[in-house]
Amino acid sequence: MPESAPNSFSSIPILDYSLLSTPEGHAKFVEQLRHALIHVGFLYLANPPVSREDMDALIEHTPRLFDLPQEEKEKIRMANSPHFFGYSKLGAELTRGQTDQREQFDFGTLYDNQWKPGDPEYLKLWGPPQWPPEELIPGFKETYLRYLTQVEQLSYEFISLMAEAFELSEDALSPFFNGSTKPESGIMQHRSKIVKYPARKEGESDQGVGPHFDGGFLTFLVQASDHPGLQVQNLAGEWIDAPPIPGTFVVNLGKALETVTQGLARATSHRVLSPAPGSTPRYSIPFFQSIAQDVLIGDLVLDFKPEILKLKDSRGQVGATDSVNYTEYGQYPSGYVNLIGRVKSHPDVAEKHYPDMFKQFFPQGLPAQGSAY
């Protein structure tokens, strides 16, 4: 292991949310959280305050969603939506210009779009999801929305715990959530996906999704089948497995959070490998916490006590990675940075709904992978 990474992790820590029920447990949880935030950037969250019944019901619905007739999936394809919600067939998304071998549906928490002519284009990003007909998958929408509401609240609670771990004031992060770390439902919109990674064929690429960082603050992932495949890159550049643990979330940090914490909280490169030939599909359900669209995070870098900021010195230097980066976060509003990411990943949607940006990033027209439709 390189000398530059003496504290490089070899496994993902497991934090037990139930510790928060006692003062002693609360202090222990916050200490463990501080270590995970600074040194790992990933953790498992056991016993989360989200209904296990709802989580299990959503997992049961997941294969049924992909078993819908192809013509029904096509009716809600992402290209219909300026909000980048809907269905993407296998091979329609890119990471660093390479095809991701996954099929997916993008959804989100409920939100009424506020964009009007003359407003920044990125305000189009938030809006109503597309849903499959209720009669084709009864109970799915109701279950998913109930689940999303609970995870949204958990994400705000986690922000407060993170502020405590870094010895910040309780409202230090409120500017990133339209003035409150507990905004009412419908004030913010958060995204979620339901993803299927089919078993690869012999000789095919194993890129389920290529190496990347998440862009926002926090991601809460349910690994919805018992397949391995998620891997996290440690400080030494080694790929560490994050196998499924039933009933847990995998929580990881995004580049926006790393930026505003002056690198104290660590965004960690990760990827997903496709299941081996002959295997059954792998399923996962990530929830991506959003931040306010008009925030220029370079202007809102948090101010830490010197002794807290110094904690990152013990981490060592992060090794090189070829993951997608988010260098634009210091230059543009959060919403525009997110729009750039969506345009690059889904050029077919951009061509239809954001033609000027499409021409900017794809001057030669649709790449072969992006013309899956």
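A residue is called buried when its relative accessible area is under 20%, and the exercises below apply this cut-off to a predicted model.

**Exercise 1.** Determine whether Phe176 and Phe217 are buried or exposed.

*Solution.* Begin with Phe176, whose relative accessible area is 1%; because this value falls under the 20% limit, Phe176 is buried. Then take Phe217, which also counts as buried because its relative accessibility is 1%.

**Exercise 2.** Classify the aromatic pair that Phe176 and Phe217 form, and locate its two members in the chain.

*Solution.* The centres of the two rings are 5.2 Å apart, and their planes make an angle of 50°. Planes under 30 degrees apart would count as stacked and those over 60 as edge-to-face, so the pair of Phe176 and Phe217 is tilted. As to location, Phe176 belongs to the loop between helix 4 and strand 7 (191-197), whereas Phe217 belongs to the loop between strand 8 (207-212) and strand 9 (218-223), so that the pair links parts of the chain 41 residues apart.

**Exercise 3.** Place Phe217 in its wider surroundings, starting from its contacts and ending with the nonpolar core.

*Solution.* With neighbours within four places in sequence left aside, the contacts of Phe217 include Ile159, Leu173, Phe176, Leu257 and Ile291. The largest nonpolar core has 83 residues, and Phe217 is among those with the most contacts inside it, together with Tyr144, Phe166, Phe176 and Phe249. Helix 4 (residues 140-165) gives the most to this core, contributing 14 residues. Another core, of 15 residues, lies apart from it and includes Phe9, Ile12, Tyr197 and Val272.

Terms used
Residues are numbered from 1 along each chain as its sequence is written. This is a predicted model: local features need pLDDT of at least 70, side-chain atom pairs count only at pLDDT 80 or more; totals for chains, interfaces and linings use all residues. Side-chain values use heavy atoms; hydrogens and water are left out. A nonpolar core is a set of buried Ala, Val, Leu, Ile, Met, Phe, Trp, Tyr and Cys residues joined through side-chain atoms within 4.5 Å. Buried means under 20% relative accessible area, exposed over 50%, partly exposed in between (1.4 Å probe, protein chains only). Helices (H or I, at least four residues) and strands (E, at least two) are DSSP runs, numbered from the N terminus. Contact means heavy atoms within 4.5 Å. Rings of Phe, Tyr and Trp (its six-membered ring) pair if their centres lie within 6.5 Å; planes under 30 degrees apart count as stacked, over 60 as edge-to-face and the rest as tilted.
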